[in-house]
Amino acid sequence: VWDCTSGRQVQKVSCFHSTVKCLTVLQSLDVWLSGGSDLCVWNRKLDLLCKTSHLTDAGISALLELPKNCVAAAVGKELIIFRLSASNNGSEGWNVLEVKRLVDHQDNILSLVSVNDLTFATGSHIGELIVWDALDWTKLASECSFWDSSAHPDVQPEIKLSQSPNETSVQHLTSDEECVFAAVGKGIYVYNLQMKRVIACQRTAHDSSVLHIEKLPNRWSLTQSSLTKESLHSNIPLPRSPRLFSPLGFFNMWGFGRANKQANQAAKKMQENTPMYFLELVGDLIGHSSAVQMFLYFGELGLATCSADHLIILWKDGDRESSLRSLTLFQKLAQNGDLQLKL
């Protein structure tokens, strides 16, 4: 536990029997959880309130808070739902109970993301995206053809003799309650939750696997294997840096082909009213000499990136900083009487 103001260590917990792979805080219950071979529940004083029995040697790789005092834990291919409840004897004790196991994924689950209070999504190593009901944990939708060029006719297919599993792996997910943004292999995909299909993609967003993706204001998305902004039709090799993508406009899907009026009227109407977005690379943030592992976005203050080159770099919005410097200059000129306003 760290003090954010001084940067000093406040307290240390070292009584774990396995590697701790993930942490999450349940604000509503004022507890925090750690995931490894066990799921442990802790209070603010770092007292262990309860824990599960040994799950697997692989352990819990990701945790996500769900409604009704529940939490979803990714354990290999399985998604285990636990419920936390206070002890009935009036003490500070807690109980953690396994209530359901979801086994719809065919490979290890790598990413969990909350879409809204009623929905969450998961992604697996072989490119499966599943959308779940957060209340009864039923499957609402799924997508498993990210790497299939026939499923995305607007994207030019690549000719390859073989395909490595890393090129289809869903490494990270984020959401804006309307869409799920998925980092899949070297590309990024935008999955619309209402239409239940991919509405935009960039299959070669980076020259290596995309490790992290984040939704920024104005529907921009920031990815990193590097941190960059990229053009949809660019064939130029890109450096290792974060990349920023923005929508490049849209078109409405007006009746291409002849739809079955009786069976597909509702689906056709939904498609006509839903725009198809394109992703444009806006620019690269070049500064790291190795793969960027993760970043944090701080709005107008900028963002921070960390890399395998052992560096943390702080970035600011160049356009905003330039306008601020110009404003400061004009204010100083006005104070010194060097600026004459002509009417």
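**Strands, a hairpin and a nonpolar patch**

In strand E24 (residues 312-315), the side chains take turns: Ile313 and Trp315 face one way and are buried, whereas Ile312 and Leu314 face the other way and are not. Buried here stands for under 20% relative accessible area, exposed for over 50%, and partly exposed for anything in between, using a 1.4 Å probe and protein chains only. Strands (E, at least two residues) and helices (H or I, at least four) are DSSP runs, numbered from the N terminus. The model is a predicted one, so local features need pLDDT of at least 70 and side-chain atom pairs count only at pLDDT 80 or more, while totals for chains, interfaces and linings use all residues. Residues are numbered from 1 along each chain as its sequence is written, and side-chain values use heavy atoms, with hydrogens and water left out.

E24 has a partner in strand E23 (residues 303-307), and the two pair in the antiparallel sense over four bridges; pairing requires that DSSP finds at least two bridges between two strands. Thr305 has Ile313 of E24 as its bridge partner. Together E23 and E24 make a hairpin with four residues between them, and His310 in the turn shows a positive phi of about 70 degrees.

Further back in the sequence numbering sits an open sheet. Four strands make up this open sheet, in the order E1-E2-E3-E4, with antiparallel pairing. Its edges are strand E1 (22-26) and strand E4 (48-51), each of which pairs on one side only. On average, neighbouring strands of the sheet are turned by 20 degrees against each other, direction ignored; the axes behind such angles are lines fitted to C-alpha atoms (for helices, over the stretch in contact), and angles run from 0 to 180 degrees between N-to-C directions. E1 and strand E2 (residues 31-35) run antiparallel and are joined by five bridges, with Thr24 standing opposite Leu33 in E2.

On the surface, Met294, Leu296, Phe298 and Leu301 make a nonpolar patch of about 430 Å². Patch residues have over 30% relative accessible area and no salt bridge, with like charges joined within 9 Å and nonpolar side chains (Val, Leu, Ile, Met, Phe, Trp, Tyr) within 5 Å. A salt bridge would put a side-chain nitrogen of Lys or Arg within 4 Å of a carboxyl oxygen of Asp or Glu. Leu296 belongs to strand E22 (residues 292-297) and is partly exposed, at a relative accessible area of 47%.

As for the whole protein chain, it holds two helices and 24 strands, and 43% of its 343 residues are buried. Its accessible surface comes to about 19,700 Å², 52% of which belongs to carbon and sulfur atoms; areas come from the Shrake-Rupley method with a 1.4 Å probe, and for residues only the protein chains shown count as cover.
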